[in-house]
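Please go through the model shown here with me, taking the aromatic residues before the wider fold. I would like each answer to set out its reasoning and to finish on the value or name in question.

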Amino acid sequence: MLYVVLFFLIFSLYLYVVLGGADYGAGIVELFSSEENQQITKKTIYRVMGPVWEANHIWIIILIVILWIAFPAYYNIMVVHLHIPLTIVLLGVTLRGVAFVFRHYDAVIDNSQKVYDTMFKISSLITPIFLGMVFGGLISGNIVITGDVASLSFYEAFLQPWFNIFSLLIGMFFAALCAFLSSVLLIGEAEPGNEKVYIKKSRIAAMVVVIIGLLTFLYGFITGKAFVMGFIENGFAVVLVILSAVLLYPLWMTIKKGNKVWSRFYAGLQVFLILLAALVSHFPNVVITTDASVSLLQDIAPDSVIQALGVALIIGGLIILPGLFHLLKSFKMIKILER
């Protein structure tokens, strides 16, 4: 049953990166648009994502619950040493949700929508950056594991793990990836005549993702980050990255042609390959500390808990997944896949 729990953990992570990432990316696309295109994007966002944006965040809830129940040692490291960026993420999600609703329904006589517009766009950028920095903190090698956190300075315990260039680069990479996913999604959802706006943005975002990804990798290699070095030494991870690089060409061509189905397929496949490469390079040692690596499977919950959680996830999956499919279908998010 442990493999069932691990499957749902990774599956939830992937869906949150793709669906939640596209959600965040909508605000980033709007932020880096001209005033005219901002209005076009804002209108498209409410029509396409308005009915489903809350559902996109169910996956991070499932992810956190699985970590909390099944992998308490890993969860403890994360919430203790990375509670600052996690708190910023929580505030970002909250402010973004408030702004998303109020800028649509609040009265516009006092120009309060301008405040909500700014809040939505800035929180859409900041939140994924800090989410990426949380992951960067886990693999940066700067976490100091000790039985007495109080013996560490505030900087060593709570800032050093994530407040560094490597983690910031990973955060910027994730934000760029979100903008790319959203741009690709909006190609197929834009009103007739507006597709070119998102085709251009998808191509720009794809280049930014590649550039920041290379910078992150080079910086990690030059500074000798254990995650990057282990990545290079893992043949399977290298193959996955090469395959991802090869797929850039068909991805680029489908974006250029405005192909709605294949551009989404290749974008989703790219994310899958990147996540899989990152996971297999060190799995199950998904926390890299100053001295060694901490296994995800270290000090896991008792078998009885894993069994109960696995059964609950299977039953929940049978309910949630068809419901999610129906929700997306009802609001035409996947209508193009039926053509």
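Q: Is phenylalanine 130 buried or exposed, and what is its relative accessible area?
A: The model is a predicted one, and the burial of this residue is judged from its computed relative accessible area. A residue counts as buried when that area is under 20%. Phenylalanine 130 meets this condition and is therefore buried, with a relative accessible area of 15%.

Q: Which kind of aromatic pair do phenylalanine 130 and tryptophan 162 form?
A: A search of the whole structure finds 16 aromatic pairs, and phenylalanine 130 and tryptophan 162 form a pair with 6.1 Å from centre to centre. The angle between their planes is 55 degrees, whereas an edge-to-face pair would need an angle over 60 degrees and a stacked pair one under 30 degrees. The pair formed by phenylalanine 130 and tryptophan 162 is accordingly described as tilted.

Q: How many residues apart are phenylalanine 130 and tryptophan 162, and where does each lie?
A: Phenylalanine 130 belongs to helix α6, residues 112-139, while tryptophan 162, which is buried with a relative accessible area of 5%, lies in the loop between α7 and α8. The pair thus links distant parts of the chain, and the two residues are 32 residues apart.

Q: How many of the residues of α6 are buried?
A: Helix α6 has 28 residues and reaches 41 Å from its first C-alpha to its last, which is close to the 40 Å expected at 1.5 Å a residue. Just after α6, glycine 141 takes a positive phi of about 85 degrees. The helix is mostly covered, and the number of its 28 residues that are buried is 20.

Q: Which of phenylalanine 265 and tyrosine 266 is buried, and which is partly exposed?
A: These two residues form an edge-to-face aromatic pair, 5.5 Å from centre to centre and with 65 degrees between the planes. Phenylalanine 265 has a relative accessible area of 43% and is therefore partly exposed. The buried member, with a relative accessible area of 16%, is tyrosine 266.

Q: Which helix gives the most residues to the largest nonpolar core?
A: The largest nonpolar core has 82 residues, and those with the most contacts inside it are Phe71, Tyr74 and Phe180. Leaving aside neighbours within four places in sequence, phenylalanine 180 is in contact with several residues, including Ala205, Val209, Leu251 and Ile255. A second, separate core of 7 residues includes Ile45, Tyr46, Ala99 and Tyr116. The helix that gives the most to the largest core, with 15 residues, is α8.

Q: What residues does glutamine 270 touch, beyond those up to four places away in sequence?
A: Glutamine 270 is found in helix α13, residues 260-280, and counts as buried because its relative accessibility is 7%. Once residues up to four places away in sequence are set aside, glutamine 270 touches Ser244, Leu247, Leu248 and Leu251.

Q: With which residues is isoleucine 274 in contact, apart from its neighbours within four places in sequence?
A: Isoleucine 274 has its place in helix α13, and at 32% relative accessibility it counts as partly exposed. Its C-alpha lies 14 Å from that of glycine 235, a residue 39 residues apart from it in sequence. With neighbours within four places left aside, the contacts of isoleucine 274 are Phe173 and Ser244.

Q: Which two residues does a cis peptide bond join?
A: Proline 284 is found in the loop between α13 and β1. The peptide bond in question has an omega of about 5 degrees and is cis, and the residues that it joins are phenylalanine 283 and proline 284.

Q: What is the phi of aspartate 299?
A: Aspartate 299 is found in the loop between β2 and α14, and because its relative accessibility is 54%, it counts as exposed. Its phi is a positive value in a residue other than glycine, near 55 degrees.

Q: What is the radius of gyration of the protein?
A: The protein has 14 helices and 2 strands, and 49% of its 339 residues count as buried. The globule rule gives 20 Å for 339 residues, and the computed value is close to this, so the protein is as compact as a globular protein of that length. The radius of gyration is 20 Å.

How values were computed
Residues numbered from 1 in each chain as written. Predicted model: local features only at pLDDT ≥ 70, side-chain atom pairs only at ≥ 80, totals over all residues. Heavy atoms only, no water. Helix = DSSP H or I, 4+ residues; strand = E, 2+ residues; numbered from the N terminus. Buried < 20%, exposed > 50% of the residue type's maximum accessible area, 1.4 Å probe, protein only. Contact = heavy atoms within 4.5 Å. Core = buried A, V, L, I, M, F, W, Y, C linked by side-chain atoms within 4.5 Å. Phe/Tyr/Trp six-rings, centres within 6.5 Å; stacked < 30°, edge-to-face > 60°. Expected span 1.5 Å × (residues − 1). Rg over C-alpha atoms; globule rule 2.2 N^0.38 Å.
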